[in-house]
Amino acid sequence: MILFIFEGKKCEPRLFETLKHLFFAKETEPFVCTYNSNIYSLYSKLKGYDVFENVTASGNTVTILNDILQENGDDTLADILEVNVSEIFLFFDYDFQEYRLTLEENNRHIGEMLEYFNDETENGKLYINYPMVESVFYTKQLPDKDYQSYYVTREECHNFKALARDFSFYESFEHLLISGNKNEKEEKKLLKRQTAKENWLHLTDMNIRKANFICMDVAAIPISKENVAQSTIYEKQLTKYVNTQDCRVAVLNSFPIFLYDYFRDIANLY
């Protein structure tokens, strides 16, 4: 079983449902769970389990997350056994605008999270959206040749969802989704499926090239996926954009980068 942990219960599961149908083998049955709070909340909860200091806590992600969710009356993971989970992926937002702690403290916490969740076959692998999942919507008509140049300031992130809607060529997420209408004609369903796949391939190409530019200063497909590891992207985001006078972040979405990572190469997505 492949376990996917998403921050939100609306946008992320909808997007992933399309990715599952477009790119995963039919016999693959991912299990989806939503945390329903941000990465800084998850960090605080995990601190209570000493996972960042106590190495013996490693490998107990399903058990720990189940305990955390059950505190809020959520039994989603109650019947999932750690031994039956082969891979774990977590998707959370950078949430640049979070002000309950200092920016330095928030950055340190995410750094610890990325260090701990760095392998999908062990504790899990964490993917970060910059500044949040709506970055998948922050484009002009696909393929967007200017995508590499898109950045937002910390102040702009307070209203990023509306900013993304206003900026986008698209009126909704529909260009990234397959049809869920059982009554829709098959011809129309197939056309929507083809369009969604083409758009995801464009997004994968755009985001992986931009990630490589952030990490290696080269706007091209990476020589190795290790060049655009999540920890490297994060470190470069901090040094090149966040910890500067402009205090901004490069717009980047983790779903296309996950596709590149998981399927090893963009060519394998076709």
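In the predicted model, helix 5 (residues 160-167) has Phe160, Ala162, Ala164 and Phe167 as its buried residues. The cover over these positions includes strand 6 (151-153). Helix 3 (residues 61-71) likewise has an enclosed set of side chains, with Thr61, Val62, Ile64, Leu65, Asn66, Ile68 and Leu69 buried. Among the elements that cover the buried residues of helix 3 are strand 1, strand 2, helix 2 and strand 3. Immediately after helix 3, Gly73 adopts a positive phi of about 75°.

These elements belong to a chain whose secondary structure consists of eight helices and seven strands. For 270 residues, a radius of gyration near 18 Å would be expected of a compact globule, and the value for the chain, 18 Å, agrees with this. The C-alpha trace spans about 50 × 50 × 35 Å along its principal axes. Of the 270 residues, 53% count as buried. The accessible surface amounts to about 13100 Å², and carbon and sulfur atoms contribute 47% of that area. Among contacts with a separation of 6 or more, 74% link residues 24 or more positions apart.

Five of the strands assemble into an open sheet of mixed pairing, in the order 2-1-3-5-4. Strand 2 (31-34) and strand 4 (118-119) occupy the edges; each has a single partner strand, so one side of each lacks a neighbour in the sheet. Strand 1 (residues 2-6) pairs with strand 3 in the parallel sense through five bridges, and four bridges connect strand 1 to strand 2, again with the two strands running parallel. Phe6 takes part on both sides of strand 1: Phe91 stands opposite Phe6 in strand 3, while Thr34 is the bridge partner of Phe6 in strand 2.

Strand 1 is largely enclosed by the rest of the structure, because five of its five residues are buried. In a regular strand, side chains alternate between the two faces of the sheet. In strand 1, Ile2, Phe4 and Phe6 point one way and Leu3 and Ile5 point the other way, and all of them are buried. Elsewhere on the sheet, helix 2 (residues 39-47) lies across strand 3 and strand 5 (124-129), and runs at about 125° to strand 3.

The largest nonpolar core comprises 91 residues, and Tyr94 and Trp200 have the most contacts inside it. Helix 6 (residues 186-216) supplies the largest share of this core, with nine residues. Beyond the residues up to four places away in sequence, Trp200 touches Leu15, Thr18, Leu19, Leu22, Phe23, Val136, Leu176, Phe255, Pro256 and Leu259.

The loop between strand 3 (87-93) and helix 4 (103-116) contains Glu98. This glutamate has a relative accessible area of 12% and is therefore buried, the cut-off being under 20%. Leaving aside residues up to four places away in sequence, Glu98 touches Asn38, Tyr40, Asn106 and Arg154. Asp95 is also located in the loop between strand 3 and helix 4. Asp95 has a positive phi of about 50° although it is not a glycine, and its relative accessibility of 8% places it among the buried residues.

Most residues other than glycine have a negative phi, and most peptide bonds are trans. A further exception in phi is Asp217, which is not a glycine but has a positive value of about 60°. Asp217 lies in the loop between helix 6 and helix 7 and, at 53% relative accessibility, counts as exposed. Ile223 is found in the loop between helix 6 and helix 7 (230-242). With a relative accessibility of 84%, Ile223 counts as exposed. The C-alpha atoms of Ile223 and Asn212 are 9.2 Å apart in space, with the two residues 11 apart in sequence.

Cis peptide bonds occur at two prolines, from Tyr130 to Pro131 with omega near -5° and from Leu142 to Pro143 with omega near -5°. Pro131 lies in the loop between strand 5 and strand 6, and Pro143 is placed in the loop between strand 5 and strand 6 as well.

Key. Residues are numbered from 1 along each chain as its sequence is written. This is a predicted model: local features need pLDDT of at least 70, side-chain atom pairs count only at pLDDT 80 or more; totals for chains, interfaces and linings use all residues. Side-chain values use heavy atoms; hydrogens and water are left out. Buried means under 20% relative accessible area, exposed over 50%, partly exposed in between (1.4 Å probe, protein chains only). Contact means heavy atoms within 4.5 Å. Two strands pair if DSSP finds at least two bridges between them. Axes are lines fitted to C-alpha atoms, for helices over the stretch in contact, and angles run from 0 to 180 degrees between N-to-C directions. A nonpolar core is a set of buried Ala, Val, Leu, Ile, Met, Phe, Trp, Tyr and Cys residues joined through side-chain atoms within 4.5 Å. The radius of gyration is taken over C-alpha atoms; the globule rule is 2.2 Å times the number of residues to the power 0.38. Accessible areas come from the Shrake-Rupley method with a 1.4 Å probe; for residues, only the protein chains shown count as cover.
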